[in-house]
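Student: I should like to work through this structure by question and answer. Please let each answer end on the value or name requested.

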Amino acid sequence: QSENSDKSSAESDSETEVEQVSVYHKLLATLKTSPESESEEEEDESESEEAGESETEMDSEGSQEAGETDGGEEDKDDVPEQEEGSLVEGFVKCCFSTATDSAEQTPGQEETDGADTSYDPKHGVIEEFTDVKHESEFSLETNFMEEESGDCNADKRDSNSSQAFPEDPFKQHMDKELEEKEVEKMSTLPRTSSQSKWPRLGQLTFSSTLEKQKTLKAYKEVDVKQLYLHKPLESTWPKVNKQFLSSVNKPSDPYFTPLQRELFCIMNTYRDLFYPERNALTNGEEIRHVYCLHALNHVLKANAQVLSNNTKRRNQKPGTDSDDYRDQGLTRPKVLVIVPFRECALRIVHIFISLLEVNEKRKIDVSNKKRFKGEFGSDPEEKPPNLKRPEDYEAVFAGNIDDHFRIGVAILQKSMRLYAPFYSSDIIIASPLGMRTVIGAEGEKKRDFDFLSSIEILIIDQADIYLMQNWEHVLHLMKHMNLLPLDSHGVDFSRVRMLNLNNWSKYYRQTLLFSALQEPQINFVFNKHCFNYVGQVAVRNVPLSGSISHVVVQLPHVFRRLEVENLTSVIDARFQFFINKVLPEYRDAIMSHTLIYVPSYFDYVRLRNYFKKEDLNFTHICEYTKKAGVCRARRFFLKGEKQFLLFTERFHFYKRYTIKGIRNLIFYELPTYCHFYSEICNMMKATDNGVDATWTCTVLYSKYDAQKLAAVVGIDRTAQMLQSKKNVHLFVTGEN
């Protein structure tokens, strides 16, 4: 593909926005190949509770955690009161206007060819994208295998190696030619699934629409030659991964931890993978390293294939048919990595650099490294030394937690270019908000998503955090993956794979999804937006013991079941159950100091409006409440001047304040993170010394809360509770 460094993606997209038919439809009309399969966009079947959240505000909430320097302003909720019927409309408007406004208001955020053109207050906008030298150095069209490797025999050695190992997973996956009937089958028929249990990952569900795949078994021992790692990864990976290898590992497996070995076993077959047991404290960095290895291995192989074919085409006789060199997509980006914060992007780039550097003497050339460190790094002195938060909080919110970014990375074997324009990049690292502001919305003039057309590996890491940011951005991204481009972007059609021209690239895309929890909205993305022809693998372990076992205070837990007919009626049924059955029991003054924990912001606003209408004695804290309002609400609640405290889950996620004075606790809905249940319950021990205290805990749940319920009380209790329609009373002594 030609790399149009001087032409921004936003400009090219505004020019072609008015076209009714893309250039690829015109091209395909002239080809005598199988007809183009229509791109099916799944309708979003679930209402996202995140539709009205402002991402930039949430980032400021998280960023201000350390400083807490807000002035003593009057407490005003950032979202005004609305009638319940107009909530969704107002919040959706807020969501999309905020996303677009942030792009317009941030200085220097005019997109240059899709890259993140950040703003330096001292020097203004940094212009990096008219650098002809860098463009030619990193162009796949103007480089050849000899020039890249510095060794004219390298191509021969590589080709001999590939012949010796004809089952290279990369070639096997990308060279597979699907038939039209197979594509039709994947579009219409349901997947068949099978179960398997692996030593480290546990219970796995394999699913596929096409013929039953061979049973995949976990590697017991790894021979690095069987993994088909591209040079120099064979030699650099053991060094980079050494920090995770303990003396427990067998000498015969000096490459992977048991978890990494089984994850890479699945990744290397190019199946989709959903792993819902990522933990920032324990295995988060292990997982990050292994998916970086897989992504870099894929990119190096793909680029080596292009450079090798460049050499062959240059040496071929004039007039020779060149249709054998279809080795690339409609656009250059091959890998998209979605992460929540800049710190995550920083760590990923550092891993890439480490994997490419063979030794201290052979350092790779990294363009714009200083700028990258300045914009994605953090100052340790910014964090107050006396700030104490749980370990998992410190792990998640380490470093630079800005959530609005995107950066293109171009890679050749001895060099890396950061801040590469998207159409000159091999890998794009971005946050959901960073993608949302460049993709734009229908009707906007300045939007672009052509660079997503040929993504071959999509990695969504820490997916659970996006539930706390704005899940709509993730759904918006998924709906724009692997669509036909509206512009050609200078592509050489003789080099484009037929799978891309047929608009079948979504069936070849591998999606790797990592999360800290099982959640219906995350499952929806994996089940409805992933179409890999090879199939899918999902880890489906059930929790044997729940987070209730970590409650250290003596507390009776009453789980009250509400009966609902279907999933769409849960929200209204829960509200009516609460105001008619639960709230009347707490209206008496003797039931003071009652905290109501509300996971959904929509439910919070609805309850707040109802409490105001009924003139109840309450105060409230949400993620948008200013610091002065938070302090005042906490003080009123502690002293008993306010009987009720409405408290949102997102506020707890971003702040983790200890709320003192709780005597009665109501979980309006089970928390998204199961450990939040024990954290909130254990806040009661901060109330006096617990002597003569009559504490209560009430939890509302329905049959659709099975996953959350199992995470709190364990799978055995969950089965009993779902079978019985009676309320369940549990008493935790602090030793369970």
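Student: At what distance does a polar contact join the side chains of Gln-328 and Asp-327?

Tutor: This is a predicted model, in which local features need pLDDT of at least 70, side-chain atom pairs count only at pLDDT 80 or more, and totals for chains, interfaces and linings use all residues. Residues are numbered from 1 along each chain as its sequence is written, and side-chain values use heavy atoms, with hydrogens and water left out. A polar contact is a pair of N or O atoms within 3.5 Å; within protein, one must be able to donate a hydrogen and the other to accept it, and residues adjacent in sequence count only if both atoms are side-chain atoms. For the side chains of Gln-328 and Asp-327, the distance is 2.9 Å.

Student: Is Gln-328 buried or exposed?

Tutor: Gln-328 is placed in the loop between α12 (284-315) and β6 (335-338); helices (H or I, at least four residues) and strands (E, at least two) are DSSP runs, numbered from the N terminus. Buried means under 20% relative accessible area, exposed over 50%, and partly exposed in between (1.4 Å probe, protein chains only). Because its relative accessibility is 7%, Gln-328 counts as buried.

Student: Which parts of the chain does the salt bridge between Asp-461 and Arg-278 link?

Tutor: A salt bridge is a side-chain nitrogen of Lys or Arg within 4 Å of a carboxyl oxygen of Asp or Glu. The side chains of Asp-461 and Arg-278 meet at 2.8 Å, N to O, and both residues are buried. The pair is 183 residues apart and links distant parts of the chain: Asp-461 lies in the loop between β11 (457-460) and α17 (463-468), and Arg-278 in the loop between β5 and α12.

Student: Which residues are linked with Arg-278 and Asp-461 in a network of salt bridges?

Tutor: A search of the whole structure finds 25 salt bridges. In the network that holds Arg-278 and Asp-461, the other members are Glu-285, Arg-288, Glu-343 and Arg-347.

Student: In which helix do Arg-371 and Glu-375 both lie?

Tutor: Their side chains meet in a salt bridge of 3.1 Å, N to O. Arg-371 counts as buried because its relative accessibility is 10%, and Glu-375 counts as buried because its value is 15%. The two are four residues apart, about one turn of the helix, and that helix is α14 (residues 369-376).

Student: Is Glu-563 buried or partly exposed?

Tutor: The side chain of Glu-563 meets that of Arg-561 in a salt bridge (3.1 Å, N to O). Arg-561 is buried, with a relative accessible area of 10%. Since the relative accessibility of Glu-563 is 45%, this residue counts as partly exposed.

Student: Which residue stands opposite Tyr-275 in β12?

Tutor: Two strands pair if DSSP finds at least two bridges between them. Three bridges join β5 to strand β12 (residues 510-514), and the two run parallel. From β5, Leu-273 and Tyr-275 point one way and Asp-272 and Phe-274 the other, all of them buried. Opposite Tyr-275 in β12 stands Phe-514.

Student: Which are the edge strands of the open sheet?

Tutor: The sheet has eleven strands in the order β3-β4-β13-β5-β12-β11-β6-β10-β8-β9-β7, with mixed pairing. The strands that pair on one side only are β3 (192-198) and β7 (365-367).
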